[in-house]
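Notebook open, coffee poured. Here is what I looked up today, one entry at a time.

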Amino acid sequence: MSERSHFVPQATATNAAPSRRHLVTGAAVVAALGGATAEALAQGAPGNLRFLNPPTSFKNPGFNHAVEATGPGRILYIAGQQGRDIDNKIVGAPGDFRAQAEQVFLNIKGALGAAGGGFEHVVKLCHYFIDLQAHFRMMRDIRLKYFDPARMPASTMIQVGALTDEKAIYEVDVVAVLPPA
């Protein structure tokens, strides 16, 4: 549950280009609120999700290039999760990426469960690493414990200069599409 301290400029008359975050968020809202087919309604979530790898994109077993969500459904945005336990302490020894990442996914599991969902409803992950090159392969292995390899969410991995806690070395935010309440 991090709070980002950086400023994100909003679109103005002189800066009319929407940010990537606004585009992704808008697309997720449109997808979740759009009409559903009878088949999707009968299946419920995650039947309202299609995991896509266009023939024009390279293949990667760690993520899908696109996830289509058709409504009805509920969108769950999970704030950036760090490797914090219930006492708000970063877990593991200093620099223990595996311990922090495992805790992150336990925290995500709890947030999904609180909304009545699970990892099968996750459509997008955005990972923030202090040292991307050192840890992204380990993250791929950890993700496989939580996601069906045939239904991997869309995923972005970014190296950042700092997180909100100097002991934190990894953070991820999540978008999930859940079945109607």
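I count two residues as in contact when heavy atoms lie within 4.5 Å, and I lean on that below for what covers a helix. I also note that this is a predicted model.

**Entry: the whole chain.** I looked up the secondary structure and found four helices and six strands. Reading from the N terminus, I get the order α-α-β-β-β-α-β-α-β-β. I then checked burial: of the 181 residues in the chain, 41% are buried. For the surface, I have about 10,000 Å² accessible, with carbon and sulfur atoms accounting for 59% of that. I also looked at contacts between residues at least 6 apart in sequence, and 77% of these join residues at least 24 apart.

**Entry: helix α4.** I picked α4, which runs over residues 132-143 and has twelve residues. From first C-alpha to last I find 15 Å, close to the 16 Å expected at 1.5 Å a residue.

Which residues of α4 are buried? My list reads L132, H135, F136, M139, I142 and R143. These sit on the same side of α4, because they cover an arc of only 120° around the axis. Turning to the other side of the helix, I find Q133 and R137 exposed. For the record, I call a residue buried under 20% relative accessible area and exposed over 50%.

**Entry: the cover.** What covers the buried residues of α4? The cover includes one helix, α3 (97-114), along with the strands β4 (122-129), β5 (154-159) and β6 (170-178).

Methods
Residues are numbered from 1 along each chain as its sequence is written. This is a predicted model: local features need pLDDT of at least 70, side-chain atom pairs count only at pLDDT 80 or more; totals for chains, interfaces and linings use all residues. Side-chain values use heavy atoms; hydrogens and water are left out. Helices (H or I, at least four residues) and strands (E, at least two) are DSSP runs, numbered from the N terminus. Buried means under 20% relative accessible area, exposed over 50%, partly exposed in between (1.4 Å probe, protein chains only). Accessible areas come from the Shrake-Rupley method with a 1.4 Å probe; for residues, only the protein chains shown count as cover. The expected span of a helix is 1.5 Å times one less than its number of residues. The arc is that of the directions from the helix axis to the C-beta atoms.
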